[in-house]
Amino acid sequence: MPDFIRIHPKDNVVVALRTIEEGTEFEGVTAQTEIPQGHKMALRPLENGAQVVKYGFSIGHATAAITPGQWVHTHNMATNLSGEMEYTYEPDIQPVASIPAKTFQGYRRGDGKVGVRNEIWIIPTVGCVNDVAKALVKENQDLVNGSVDGLYAFTHPFGCSQTGEDHAQTRKMLASLVRHPNAGAVLVLSLGCENLTKEQFLAELGDFDPNRVKFLTCQQTDDEMRDGRALLQACADFAKQFKREEIPASELVIGMKCGGSDGLSGITANPVVGRFSDMLVAQGGSTVLTEVPEMFGAEGFLMNRCINEAVFNKAVDMINGFKAYFIRHNEVVYDNPSPGNKQGGITTLEDKSCGCVQKGGTAPIMDVIGYGDAVTTKGLNMLYGPGNDLVSATALTAAGAHIILFTTGRGTPFGAPAPTMKLSTNTPLATKKANWIDFNAGLVADGIKTLVESAQDLMDMVLEVASGKQTRAEERDFREISIFKDGVVL
């Protein structure tokens, strides 16, 4: 197993692929102290104020003189970031060469869309009926048979006492979930007095198949459990008509997300996902990259890959709009790495962001979509959303992601409504939390697999999951939603 990796020839730091003992040598440099796995070691002298370069890109500056072999982290370097920036479109577009599409066994819907699950979803329009939704799920599991893969409720605390943009975002998000093709049928559950009215919801939802989407307003029935049962029976009868059939991978939409990152995230799991993304795009499929705050400081990796200036301008508006959101709330835009991130070796937001955007591969960025919007353009898309795991994974689901690839260096058990595959950045995590982790990208750091080999393995596993193989989170029935909130609660 190698000791360190120098990611780019221009780098003046290297990353420890395992915990390195004091005295270990690399390229003629001797470690002056123990270097934890995922952390950085200086390759050459850095004066106070000198740029620290990783991924071939500045990830901050030294705050003290650093000598070769020193550990480089929060004690001796800091971010370069501040507020909004101006960007100039200088296209650097490298289309991926087309390859024949692989196939999977999925569900073809009546409107032509494709699902990888055939589930019945209960979507509450307001938090007041959450327990009714959960009771309906618990008491009607007998309906899960034949080709129906499951019955689930996605509860949340909103739908009432919200105003303005928050109210609109809740309405838009819930309607987007109702339209998701992984749901063979949906029961929309309301109370009756919430400010997210049925009329508003219908207007947001637009055209829908009344055989697929049912509505129940609890205040308008004397027994919501009895009437809910009848509507769920109708949902099950409708969903059972769908059977798995061979579908090209070009119809897949895959969300890409990271959380609990460490110093190996940008070296193993994220670039493996990036190469997977290029492979899927080459087959005519679609991928979605989100977590806007974790693009701050790494915009240079993304902006000039926009397919045209109109998409570039949408990307600029997304980045600067999110920075303005931070500033509006008196938050600094560069104070992002969590304690767990820092413990894992990530020092600055640039460090985190440069690793994060590796998930985007090299394909051109075809579109930039808003929160709650669906992917409509084939290829790599960028999605407006925060870094928060639950919020951004929900947004990816609402965008139409059939499956979410979630890379992590520290582990997390949660699942989104879409099957959520966990990819570990290191083998110790994959071994310790085998009940959480679906795929071990740590084999790259171990020298057992190349990035391309791991990406090919990941493609095979994604197609298996798309064909019905459950993720670890699905096996434990871990699935939930979280809706982006900005304003007041009345």
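A residue is taken as buried when its relative accessible area is under 20%. In the predicted model analysed here, S147 has a relative accessibility of 11% and therefore counts as buried. S147 is located in the loop that links α1 (130–139) to β13. Leaving aside residues up to four places away in sequence, the contacts of S147 are with Y107, N118, A239, K240, F242 and K243.

Strand β13, which follows that loop, belongs to an open sheet of 4 strands with the order β13-β12-β14-β15 and parallel pairing. Strands β13 (150–153) and β15 (213–217) each have a single partner, so one side of each is left without a neighbour in the sheet. On average, neighbouring strands of this sheet are turned by 15° against each other, direction being ignored. Between β12 (residues 119–124) and β14 (residues 183–190), the parallel pairing extends over 6 bridges. Within this pair, E119 is placed opposite A183 of β14. Two helices that pack on the sheet were identified. Helix α2 (residues 164–178) touches β12, β14 and β15, and its direction makes about 165° with that of β12. Helix α4 (residues 224–239) touches β12, β13, β14 and β15, with an angle of about 160° between its direction and that of β14. A239, at the end of the α4 range, is also one of the residues in contact with S147.

A further open sheet consists of 4 strands in the order β1-β2-β5-β8, and its pairing is antiparallel. The edge positions are held by β1 (4–5) and β8 (71–72), each of which pairs on one side only. Strand β1 is joined to β2 (residues 13–16) by 2 bridges, the two strands running antiparallel. I5 has V15 of β2 as its bridge partner.

Pockets were also examined. The largest pocket has a volume of about 660 Å³. Its lining comprises 25 residues, and R275, F301, Q358, G361 and T362 are those that lie nearest the centre. The elements giving two or more residues to this lining are α5 (269–282) and α11 (442–445). Helix α5 provides the largest share, with 4 residues. Sorted by class, the lining of the largest pocket contains 12 nonpolar, 9 polar and 4 charged residues.

For the second largest pocket, the volume is about 440 Å³. This pocket is lined by 22 residues, of which K113, P181, V253, V375 and G400 lie nearest its centre. The lining of the second largest pocket divides into 7 nonpolar, 10 polar and 5 charged residues.

Backbone geometry was considered at two further positions. Y55 is not a glycine, yet has a positive phi of about 65°. Y55 lies in the loop between β6 (51–54) and β7 (57–62). Because its relative accessible area is 8%, Y55 is classed as buried. A positive phi, of about 60°, is likewise found at D477, which is not a glycine. D477 is situated in the segment after α13 (472–475). With a relative accessible area of 46%, D477 is partly exposed, whereas Y55 is buried.

Notes. Residues numbered from 1 in each chain as written. Predicted model: local features only at pLDDT ≥ 70, side-chain atom pairs only at ≥ 80, totals over all residues. Heavy atoms only, no water. Pairing = 2+ DSSP bridges. Axes fitted to C-alpha atoms, helices over the stretch in contact; angles between N-to-C directions. Contact = heavy atoms within 4.5 Å. 1 Å grid on protein atoms, 1.4 Å probe; cavity = no way out; pocket = protein on both sides within 12 Å on 5 of 7 lines; lining within 4 Å. Points joined across faces, edges and corners; volume = space filled by probe spheres on them. Nonpolar A, V, L, I, M, F, W, Y, C, P; charged D, E, K, R; others polar. Buried < 20%, exposed > 50% of the residue type's maximum accessible area, 1.4 Å probe, protein only.
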